[in-house]
Each structure stands twice: as C-alpha cells, then as structure tokens.
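Trainee: I've got a model open on my screen and I'd like to learn how to read it. Could you walk me through it?

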Amino acid sequence: GEMFDADGAFITFWDDANQATIPKAAYGSQRESYSQDLPTIGRPTLTATVLRAGHVMVVEDVFNTPYIDPQIAIMYDSRSLLGIPLIASGVKLGAALVSYEHPHRFTQNEINLGEQAGRLIALAIDKVRLLEAEHQQRVQSEAFRDELQNISITDELTGLLNRRGLFTKAQVILDWAQNTNRAFGVMIFDLDNFKVFNDTLGHATGDQILRQIADLCRANVRDQDLIGRYGGDEFVIIFPGNNLEETVLVVERLRAAIFREMAAFSA
C-alpha cells in the first residue's frame, strides 16, 4: 500500500476446489476487520478474474466492471483497483489488490511494479504455506504416535477408525485447535433405513454397503481429515482447519454421493 501510495491493499487466498475467494489480510482502514469477512463462493471477484487471466488487471471503476460482483463492490471503500495474481509453482494462491477510494488511472509503471511485487509476494506466501504444512504434519504425527501407541484404533469391517481411535485422535485435533485458535468441522451421520437393507438383503450385503460408504468418505475428504465408524451405521468425520462454510461444502458433496450410492442399492 505504501509503495503505491494507495488508500488500501488486500491479500486474498484462493480455494480452487470450491472456487472461493478468502479474505486474509489488509492495509488501510480495513486492516483489522478484513480477515474476518466470509469467503466469496461462486460470484465474480477480482481475485478469480486475475487468476484466470494470469496477469495484472486494472479496474478503474469497481461499480462498472464485469469482474466484480456489485454486491461485493459496495462492501468496501474501493473505487479503483489493481489486481495482481499470486501464482507460485503453477499453484493459484490468491491475489494482491491495490485500492484507491477515488477514481485512479493506473500507469504502465504501476502495472509493471504490480507484476514484480506479485512474484515476490507469491513466493513468500508459498514458502510460508509449505513450512506451516510441514510443521502441522510433524506435530500431528508426533502427537498421534505418542498417544496412540499400542492402542487398537481400527474398525475391522471398514478399515476406518473405531470409536476409541476416533476419540483419541479427535482429542489431539481439539488440543491443536485450542492452542492455535484454529477452527475444525465435525460431520456426524447415519444411513437412512439401513435396518431395512439388512433385513431384506442380508447382513453380508449390509456389510458391503458399510464398506462402500467408507470408501466414499475416503474419496471425498482430505488425507488429514479423520473418518471413524462410531458404531452400526453411524459415522463421524472431523475436518481440521475447516470453518463452518468450508465444512458445509464438503458435507453437502458427501451427502449427495452417499444418497446416490444408497439409491443404487435400493434399485
């Protein structure tokens, strides 16, 4: 912001799987509040636009452009924006947005400066993200190894965590969330009318259904997410680091996949 003598500047992250723009940090009047804003999903944002284009883009009037949803534009004091894509190692990380509260005509020198700054910011963010991921994985691995040693934690039928394993690992995630002030999501579900399948098709078919549901869960979550069979046809999934919106997106995707699988058995 100071380099461009701008009224404000914003850093966003990009969730490619959900096509979501995530506010992360700001300079200027919205420095304290910006990171608390909700992600924008499925609507035009300058972040999505510059990442799709792959180069710096200028918006001289945020209220007269196809690149920004009008409902998003009115939330901020910006009138003119310089959008800088943040891409490192081919990964779309997010964007840096330089903001002016009054109409501003960007010069070629400012655009060139934005391109240079974008490359440096992207490299810095990429390095931090890699270090955080390595640290988190190391901490969790050490904690799990210490706490789960000599404990039987696997459900024999599905290969998922059993109740004891789920509770033990969940405690590790709870401690991590409290110590780092991070969120996590929890999904608890059972299978509608599962007793009917067992009674009409036999327990062997019921077991097959449970194994296939377990496979569906594995296919639709991340490696760091915990999946457990709580008992019978009840399952629990824990999503470390996910807020409510992110959790709901995964839950809805998984719910639809399970619905299709159960419908196929019904047919």
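**Reading the model, feature by feature**

Mentor: Let's start with one residue: Asp225 is buried, with a relative accessible area of 7%. Keep in mind that this is a predicted model.

Trainee: Which residue forms a salt bridge with Asp225?

Mentor: Its partner is Arg222, and the closest N and O atoms are 2.7 Å apart. To call a salt bridge, you look for a side-chain nitrogen of Lys or Arg within 4 Å of a carboxyl oxygen of Asp or Glu. Arg222 is partly exposed at 33% relative accessible area, whereas Asp225 is buried.

Trainee: How many salt bridges does the count come to?

Mentor: Seven, by this rule. One of them joins the side chains of Arg229 and Asp155, at 3.3 Å from N to O. That pair links distant parts of the chain, with the two positions 74 residues apart: Arg229 sits in strand β8 (residues 226-231), and Asp155 in the loop between α3 (108-148) and α4 (163-180).

Trainee: Are Arg229 and Asp155 buried or exposed?

Mentor: Arg229 has a relative accessible area of 16% and Asp155 has 13%. Both count as buried because the cut-off is under 20%.

Trainee: Where do Arg218 and Asp215 lie?

Mentor: Both are in helix α6 (residues 203-219), three residues apart, which is about one turn of the helix. Their side chains meet in a salt bridge at 2.7 Å, N to O. Arg218 is partly exposed at 35%, and Asp215 is partly exposed at 45%.

Trainee: Next, surface patches. Which residues form the negative one?

Mentor: For a charged patch, you join like charges within 9 Å, using residues with over 30% relative accessible area and no salt bridge. Here the negative patch consists of Asp5, Asp7, Asp77 and Glu101. Take Asp7: it lies in the segment before β1 (8-15), and its 36% relative accessibility makes it partly exposed.

Trainee: And which residues make the nonpolar surface patch?

Mentor: Phe63, Ile74 and Met75 make that patch, with an area of about 350 Å². Ile74 is in the loop between α2 (70-73) and β5 (80-88). With a relative accessible area of 63%, Ile74 is exposed.

Trainee: What should I look for in the backbone angles?

Mentor: Start with the sign of phi: most residues other than glycine have a negative one. Gln19 has a positive phi, near 50°, and is not a glycine. You'll find Gln19 in the loop between β1 and β2 (20-27), partly exposed at 42%.

Trainee: What is the phi of Asn193?

Mentor: About 60°, so a positive value again, although Asn193 is not a glycine. Asn193 is in the loop between β7 (184-190) and α5 (194-201), and with 57% relative accessible area it is exposed.

Trainee: Let's zoom out. How many helices and strands does the chain have?

Mentor: There are seven helices and nine strands. Of the 267 residues, 45% count as buried.

Trainee: How do I judge the overall shape?

Mentor: Set the radius of gyration against what a compact globule would give. For 267 residues that would be near 18 Å, but this chain has 23 Å. Along the principal axes, the C-alpha atoms fill a box of roughly 70 × 45 × 30 Å.

Notes: Residues numbered from 1 in each chain as written. Predicted model: local features only at pLDDT ≥ 70, side-chain atom pairs only at ≥ 80, totals over all residues. Heavy atoms only, no water. Patch = residues over 30% accessible without salt bridge, like charges linked within 9 Å, V, L, I, M, F, W, Y side chains within 5 Å. Areas by Shrake-Rupley, 256 points an atom, 1.4 Å probe, with all protein chains shown as cover. Lys, Arg positive; Asp, Glu negative; His and termini not counted. Charge placed at Lys NZ, Arg CZ, Asp CG, Glu CD. Helix = DSSP H or I, 4+ residues; strand = E, 2+ residues; numbered from the N terminus. Buried < 20%, exposed > 50% of the residue type's maximum accessible area, 1.4 Å probe, protein only. Rg over C-alpha atoms; globule rule 2.2 N^0.38 Å.
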